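Trainee: I'd like a close look at one part of this model, the buried arginine and the charged residues around it. Could you walk me through that spot and then show me how it sits in the rest of the chain?

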Amino acid sequence: MRNWWQSLGIGNKLNIPIQAMLIVVLSFAHFWVMEHIRNEILDGAERRAAVSADGIINGLNMLMLTGMITDPDNRRLLIQKMGDSEHVKELRIIRAKQVVDQYGPGLPEEQVADEMDRRVMTTKQTEFLLNEDSNAPTLRAVVPFIASTDYRGTNCLSCHQVEADSVNGAASITIDMSDDFAAIRETQSLLWAGQIVLQILLFFATHSMIACFMRRIIVLQSRMETMQATGSMEKFTPIELRPGCQDEIGKLTGAFNRMSETLYHSEKSMRLATSIYQSNADAIVVTNEDNLIVDVNPAFTRITGYTLDDVRGQNPRLMQSGHHDKKFYQEMWQKILGEGHWQGEIWDKRKDGELFAKMANIIVLRNGDGSIYRYVAQFSDITEKKHKDEMIHWQANYDPLTNIPNRRLFHDRLGQSIKMAHRKALPLALLFIDLDHFKEVNDQCGHANGDVLLMEVAQRLSSCVREADTVARLGGDEFTVILPDLGDTPQINRIAECIIEKLAQPFYFLNDETGHHISASIGIAIYPQDTTTFDGLLKCADKAMYAAKAAGRNRYVYFPESGQ
């Protein structure tokens with residue numbers, strides 16, 4: 001419903017509420033008039049019924065004065081004559097108990113017949129009962145007879161031995177309301193027909209007035225749509241205004257003409273800026289004050305895969321890769337809002353889900369009052385460069401066979417570990433590992449299987465140490481392990497024993513069910529216990545390793561125990 005309403009034109013939006021209001025007002029007036037007419041008709045019927053009842057009372061009074069009332073036939077004749085009146089359906093007289101006690105029960109039809117008769121006898125008030133049966137509508141009136149010294153010129157108390165102002169009886173009359181209700185229905189039909197005709201006339205009248213009012217707005221809208229469709233101000237023609245047209249629409253049209261003229265003069269400058277924007281090799285994305293995307297250039301689509309339709313109205317976070325934590329973005333936005341710009345590397349995600357690295361520069365454009373107008377981000381794709389840098393870094397620092405740190409990265413990490421050990425005043429252990437009998441296995445099984453064995457050795461060594469430790473291959477069958485932040489010798493012993501145990505287990509090669517065995521000779525040096533220098537630590541571990549070989553291999557030896 002909301003979408004339907006929003007799709008309507010202003011003319012319809014004005015016309016519909018006006019017509020609805022007219023329907024409500026005319027309907028209210030219709031029902032008010034009908035209620036007034038109906039009440040008048042019913043009031044008239046009640047007056048007729050009351051007058052008829054009064055006629056019965058007067059007739060009985062005359063019978064009473066002439067002494068003829070004691071004859072039941074006279075009373076029946078009176079009721080019959082009065083009942084022959086037009087529209088009278090039923091006529092009865094009712095004896096009160098005090099009359100029954102004095103003169104007897106009278107005729108059967110003169111007895112109290114229903115609750116309405118009883119209420120009138122008790123309350124001394126005339127009551128009316130309307131039956132709105134569509135086939136036979138009626139109105140019944142019950143009027144009490146009040147005993148008094150001067151009731152319609154007659155002293156009732158001269159004959160009736162009752163108290164003054166008591167009820168001697170009542171007259172009940174039921175009149176036919178068919179003609180009255182027919183008149184109500186006919187009047188209602190005429191009113192409905194009149195309302196419909198009036199509604200139609202008002203509809204065309206208001207529609208014509210609104211159409212006349214909307215004509216200039218439609219012209220203005222048409223001109224604006226033409227400008228939007230062409231996307232250019234070159235063919236702009238000012239809308240002609242009649243002299244003296246100074247209402248709100250005239251002022252709006254004049255403002256539109258002035259604005260369009262200003263846009264026409266600035267269009268050439270905008271074309272140049274647009275050309276630069278569209279042809280820029282770097283991606284550009286523009287967001288509004290709420291950081292929702294309003295525009296992107298072709299380079300953005302080429303780099304990310306997203307078109308403007310894909311991202312318009314979206315937050316740039318839809319491209320977040322999950323590579324950066326919440327703190328990274330908090331610091332970035334602090335700098336953007338605090339300093340007005342930010343530059344750095346970000347990992348984002350393309351439309352197809354592929355991650356890419358970009359070098360981004362984000363600036364803030366502000367209004368004259370200092371409020372934010374736009375955010376503009378310009379970035380280039382540096383993924384290939386990052387991959388090349390990572391490849392160069394990998395090749396320079398990792399062993400291509402075992403994928404663990406090589407000699408260069410080992411030296412760097414050992415230097416860092418020595419500095420940290422010195423700062424924290426915690427010992428550092430360095431293990432030199434040389435594989436025993438590797439040459440025999442390599443010669444017997446071939447260099448390819450020898451490489452497989454070295455890769456398996458690297459995995460077994462890594463499984464024996466912690467995540468903070470470093471396993472490196474110096475070359476050939478020589479490996480090292482850096483163990484920082486170790487509190488005591490038993491921890492070093494457990495790791496060394498684990499290495500000896502793991503490497504002593506058999507090695508299997510493809511299509512070769514024979515288990516091949518090697519062992520490890522491990523030399524251990526402790527910083528700063530054995531030495532406080534980088535080169536000294538290497539030499540101590542190397543000497544300890546040779547001492548382990550000399551002692552029979554398949555063991556570990558600490559530097560002080562090497563006999564050096």
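Mentor: Sure, I'll begin with the arginine, move on to its charged partners, and then step back to the rest of the chain.

One thing up front: this is a predicted model. The mean pLDDT of the chain is 84, and 86% of its residues reach 70 or more. Where pLDDT is low, the predicted coordinates should not be read in detail.

The arginine you're after is R140, which sits in strand β3, residues 138-146. Is R140 buried or exposed? R140 counts as buried because its relative accessibility is 11%, and the cut-off for buried is under 20%. So what does R140 touch, if you skip residues up to four places away in sequence? The list runs to R92, D114, M116, D117, E127, F128, L129, S172, I173 and T174. That's a mix worth picking apart. S172, one of those neighbours, also makes a polar contact with R140, side chain to side chain, at 3.1 Å.

Now the charges. R92, D114 and D117 are all on that contact list, and together with R140 they are joined into one network by salt bridges that share partners. One link of the network can be described in detail: D117 and R92 form a salt bridge in which the closest N and O atoms are 2.8 Å apart. D117 belongs to helix α5 (residues 115-123) and R92 to strand β1 (residues 88-95), so this pair ties together parts that are 25 residues apart in sequence. Both D117 and R92 are buried, and R140 counts as buried too. If you're setting up the site for a calculation, that's the picture to keep in mind: R140, R92, D114 and D117 linked through shared salt-bridge partners, with S172 in polar contact with the R140 side chain.

For context, the salt-bridge count comes to 21, and two others make a handy comparison. E345 pairs with K386, the closest N and O atoms being 3.0 Å apart. Since E345 lies in strand β7 (residues 341-349) and K386 in helix α11 (residues 383-397), that pair ties together parts 41 residues apart in sequence. E345 is partly exposed, with a relative accessible area of 38%.

The other example is R460 with E456, whose side chains meet in a salt bridge at 3.1 Å, N to O. Here both partners lie in helix α14 (residues 447-464), four residues apart, or about one turn of the helix. R460 is buried, with a relative accessible area of 12%, whereas E456 is partly exposed at 28%.

Stepping back, the chain has 16 helices and 16 strands. Of its 564 residues, 39% are buried. Take the contacts between residues at least 6 apart in sequence: 58% of them join residues at least 24 apart. The accessible surface of the chain comes to about 32,900 Å², with 55% of that belonging to carbon and sulfur atoms. On that surface you'll find a nonpolar patch of about 390 Å², made by I196, I200, F203 and F204. I196 is in helix α6, residues 178-230.

A few backbone spots deserve a look before you run anything. Most residues other than glycine have a negative phi, and most peptide bonds are trans. Y527 and P528, though, are joined by a cis peptide bond with omega of about 0 degrees. P528 lies in the loop between β15 (519-527) and α16 (534-550). Then there's A425, which isn't a glycine but has a positive phi, near 60 degrees. A425 is found in the loop between α12 (407-424) and β10 (428-436), and it counts as exposed because its relative accessibility is 66%. R553 has a positive phi as well, about 65 degrees. Its loop runs between α16 and β16 (555-558), and at 33% relative accessibility R553 counts as partly exposed.

Finally, the spread in confidence among the elements of the chain. Helix α7 (residues 248-279) has the lowest mean pLDDT, at 69, and strand β12 (residues 478-483) has the highest, at 96.

Methods: Residues numbered from 1 in each chain as written. Predicted model: local features only at pLDDT ≥ 70, side-chain atom pairs only at ≥ 80, totals over all residues. Heavy atoms only, no water. pLDDT = per-residue confidence, 0-100. Helix = DSSP H or I, 4+ residues; strand = E, 2+ residues; numbered from the N terminus. Patch = residues over 30% accessible without salt bridge, like charges linked within 9 Å, V, L, I, M, F, W, Y side chains within 5 Å. Areas by Shrake-Rupley, 256 points an atom, 1.4 Å probe, with all protein chains shown as cover. Salt bridge = Lys/Arg side-chain N within 4 Å of Asp/Glu carboxyl O. Buried < 20%, exposed > 50% of the residue type's maximum accessible area, 1.4 Å probe, protein only. Contact = heavy atoms within 4.5 Å. Polar contact = N/O pair within 3.5 Å; in protein donor to acceptor, adjacent residues only side chain to side chain.
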